[in-house]
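Visitor: Please choose a single part of this model and go through it slowly for me, setting out what surrounds it and what each term stands for.

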Amino acid sequence: MQALHRHGSLVGSCSTSSSQQSVSRPPVRSLLPSESAGSFIASQRIHASPSCSTSTNKLASSRSSTSRVCAGKLDDMPLFGSSSSSSLSGKPASGKGGKPEGKPNLEDIPLESEVNMDYTALRDFLKAGDWRKAEDETRALLIRLAGEDAMKRGWVYFTEVKTISVTDFQTMDKLWRAASNNKFGYSVQKEIFSQCQKRWAKFFKQIDWVQGENNNYRKWPMEFNYSLDAPRGHLPLTNALRGTQLFQAILEHPAWNKPAKKSIDDIAKEAGKDTLKF
């Protein structure tokens, strides 16, 4: 019976500093014949200090609030500064005005030139979908870019291609790619040429510049396709009747060289100042 009384006398306390605050005990009564020891103990209530309960609730509420605030900030913070497209929340990076960046617009292509060449006419022909005139304008631009000797003879010699600047070549190419949704352009032809293992017969067939069982070169200009229905890489045209040296010089121009891929270490060093630190 004394053991049961000890179990029935439960005490609730809350520690503050070095002192303990006692809680009043419920009166101890004798075990009734109909009660078991377990039900008797369960019937005794523990009266905890109100101040202890309030402090515990405040602490839990504070931790929950802090967790929500921290989680919200981390979700919206990019891992490698504002230039990175990945964030903890998985939200894609936005372009200007908060809109996702899409494919380049023809109007947004800067008409850059190192020799003050005017690319307005080429842009306007491409914008209007007049691929035949855009092709003629591109050929005329190449002749002017190649120099006085090319303008006198009316065509470009393959050794003159290297004198054309990277900037001017890329301006023409960007206009073609933007107008055709990346279907036409010199860099597109360079890509296909590489995919064909730089084999001319396979390449010309791939871009549909030859026809028939003997793969005869199409007659210029009437037998070429001046529309978006043409195969990828079909335009712009380059005269290959006198050989492939001119076309090869264009495809091997440094304007189409892709920049070397940066290593993870290089990217980390560049983004070191903006990297999120935990």
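Guide: Two residues are said to be in contact, or to touch, when they have heavy atoms within 4.5 Å. The model is a predicted one, in which local features need pLDDT of at least 70 and side-chain atom pairs count only at pLDDT 80 or more, while totals for chains, interfaces and linings use all residues. Residues are numbered from 1 along each chain as its sequence is written, and side-chain values use heavy atoms, with hydrogens and water left out.

The part to look at is α8, which spans residues 186-195; helices here are DSSP runs of H or I with at least four residues, and strands are runs of E with at least two, numbered from the N terminus. Of the 10 residues in α8, 7 are buried, so that the helix is mostly covered, where buried means under 20% relative accessible area, exposed over 50% and partly exposed in between, with a 1.4 Å probe and protein chains only. At the start of α8 the buried residues are Tyr186, Ser187, Val188, Gln189 and Lys190, and Ile192 and Phe193 further along belong to them too. The elements that cover these buried residues include α5, α7 (166-180), α9 (200-206) and α10. Just after α8, glutamine 197 takes a positive phi of about 55°.

Among the covering helices, α7 deserves a closer look. The axes of α7 and α8, which are lines fitted to C-alpha atoms over the stretch in contact, with angles running from 0 to 180 degrees between N-to-C directions, come within 7 Å and cross at roughly 85°. That crossing makes α7 roughly perpendicular to α8, a class that takes in 65 to 115 degrees, whereas under 35 is roughly parallel, over 145 roughly antiparallel and the rest oblique. On the α7 side the contact is made by Phe169, Asp173 and Arg177, and these meet Tyr186, Ser187 and Val188 of α8. The residues of this contact divide into 3 nonpolar, 1 polar and 2 charged, counting Ala, Val, Leu, Ile, Met, Phe, Trp, Tyr, Cys and Pro as nonpolar, Asp, Glu, Lys and Arg as charged, and the others, Gly among them, as polar.

The partner helix α7 also holds threonine 171, which is buried, with a relative accessible area of 3%. Leaving aside residues up to four places away in sequence, threonine 171 touches Pro110, Leu111, Glu112 and Tyr119.
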